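I opened my notebook to look at cores, a helix and some charged pairs. Here is what I looked up, in the order I went.

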Amino acid sequence: MRLILLGPPGSGKGTQAQRLIQRYGIVQLSTGEMLRAAVAAQTPVGIKAQGIMASGGLVPDDIVIGIISDRLDQPDAVKGFILDGFPRTVPQAQALDELLKHKHLKLDAVIELRVNESALLQRVETRVAEMRARGEEVRVDDTPEVLTKRLASYRALTEPLIHYYSERRKLLTVDGMMTIEHVTREIDRILAAIGAVDPKVANKAAKTATAARHPGNRAKPAASVSGTAGAKGAKASVKVGKASKGLKKGSPRPATRSKTGAAGKPKKTSKKVTKKRAKA
């Protein structure tokens, strides 16, 4: 499974990416982390990037693509990946397509988490107001003003990407305003629909994840539900079973006790009544 997640800040990309990683055993490819790892390992591409990053410049696309190429060759990327933070522009998307084609790999889907930007701003404003009311310090990058700028930047960079992948029939849109659980189920559903995952595997993964998050919902054993009444009923059936084992095949079963007489015995007719009837 090879995916790209698109969505503005606050759309829940990070949460959904972690869930996909846990359920399907794929890896998250963050370009920032990969660049830092390449520099630390002093790979040829990392050495090229080191000087640029040290001077505060933007790392060219060809170096980023080279780092992604090296990362895809590692064993843990065999099952698949989620790209985080890349591509951001159409030229980067085109370069990624060429890389995957060269490695004989195919991108399964680009999942866009579409959200209501005014609702996102309202969430941030509410959170900031609550933090200030509690006397907590608000981060400088966690304000409505900063989010507005980040949303504008996202729209400028991502609008062309949405059209690019839509034309190639790779774009799948999910309503990011739903609850986290609903978004997860919808992603699983569309991945199964396009054949990126086996439907049975998707259902099993979803059930396992739900059970892990809500352990109290597991079914209780039958004995604990039935309680004392169930235990008494079980003992009674054992006694009946033992009694029926003593009967030979074909022998009449004992009659049940009636209100008028003992079990198995016919009612006695009074002799006096019989004699009167004879005289008559």
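**Entry 1: a helix length check.** Before anything else I needed a rule: the expected span of a helix is 1.5 Å times one less than its number of residues. I am working with a predicted model, so every value here is computed from it. I tried the rule on helix α8, residues 180-193; its 14 residues should span 20 Å, and the end C-alpha atoms are 20 Å apart, so the two agree. Just after α8 comes Gly195, and I noted its positive phi, near 85°.

**Entry 2: which side chains of α8 are buried?** I asked which residues of α8 are buried. My list reads Val183, Thr184, Ile187, Asp188, Ile190, Leu191 and Ala192. I picked Thr184 for a second look: its relative accessibility is 4%, and with buried meaning under 20%, Thr184 counts as buried. Leaving out residues up to four places away in sequence, Thr184 touches Gln16, Arg19 and Arg23.

**Entry 3: from Arg19 back to α8.** Arg19 turned up among those contacts of Thr184, so I followed Arg19 next. Arg19 forms a salt bridge with Glu181, with the closest N and O atoms 3.4 Å apart. Arg19 sits in helix α1 (residues 13-24) and Glu181 in helix α8, so this pair ties together parts that are 162 residues apart in sequence. Arg19 has 13% relative accessibility and therefore counts as buried.

**Entry 4: the other charged pairs.** I searched the whole structure and found nine salt bridges. One of them joins Arg71 and Asp76, with the closest N and O atoms 2.8 Å apart. Arg71 is buried at a relative accessible area of 16%, while Asp76 is partly exposed at 38% relative accessibility. I also wrote down Glu117 and Arg155, whose closest N and O atoms are 2.4 Å apart in their salt bridge. That pair links distant parts of the chain: Glu117 is in helix α6 (residues 117-133) and Arg155 in helix α7, 38 residues apart. Glu117, at 24% relative accessibility, counts as partly exposed, and Arg155, at 35%, counts as partly exposed too.

**Entry 5: what does buried Arg2 have around it?** Arg2 lies in strand β1. I found Arg2 buried yet without a salt bridge, the nearest side chain of opposite charge being Asp108 at 4.5 Å. A salt bridge needs the nitrogen and oxygen within 4 Å, so that distance does not qualify. The side chain of Arg2 does reach the backbone oxygen of Lys106, at 3.4 Å. Not counting residues up to four places away in sequence, I listed its contacts as Gly80, Phe81, Leu105, Lys106, Leu107, Asp108 and Ala109.

**Entry 6: the nonpolar cores.** The largest nonpolar core has 33 residues, and Ile4, Ile68, Leu96 and Tyr165 have the most contacts inside it. Elements giving two or more residues to this core include β1 (2-6), α4 (61-72), α5 (90-102) and α7 (144-167). I then checked which element gives the most to this core; α4 does, with six residues. For Tyr165 I listed contacts with Ile4, Pro87, Ala93, Leu96, Leu107, Val110, Lys170 and Leu171, again not counting residues up to four places away in sequence. A second, separate core has 20 residues, among them Leu5, Leu20, Leu113 and Ala192. Ala192 was already in my notes, on the list of buried residues in α8.

How values were computed. Residues are numbered from 1 along each chain as its sequence is written. This is a predicted model: local features need pLDDT of at least 70, side-chain atom pairs count only at pLDDT 80 or more; totals for chains, interfaces and linings use all residues. Side-chain values use heavy atoms; hydrogens and water are left out. A nonpolar core is a set of buried Ala, Val, Leu, Ile, Met, Phe, Trp, Tyr and Cys residues joined through side-chain atoms within 4.5 Å. Buried means under 20% relative accessible area, exposed over 50%, partly exposed in between (1.4 Å probe, protein chains only). Helices (H or I, at least four residues) and strands (E, at least two) are DSSP runs, numbered from the N terminus. Contact means heavy atoms within 4.5 Å. Lys and Arg count as positive and Asp and Glu as negative; His and the chain ends are not counted. A polar contact is a pair of N or O atoms within 3.5 Å; within protein, one must be able to donate a hydrogen and the other to accept it, and residues adjacent in sequence count only if both atoms are side-chain atoms.
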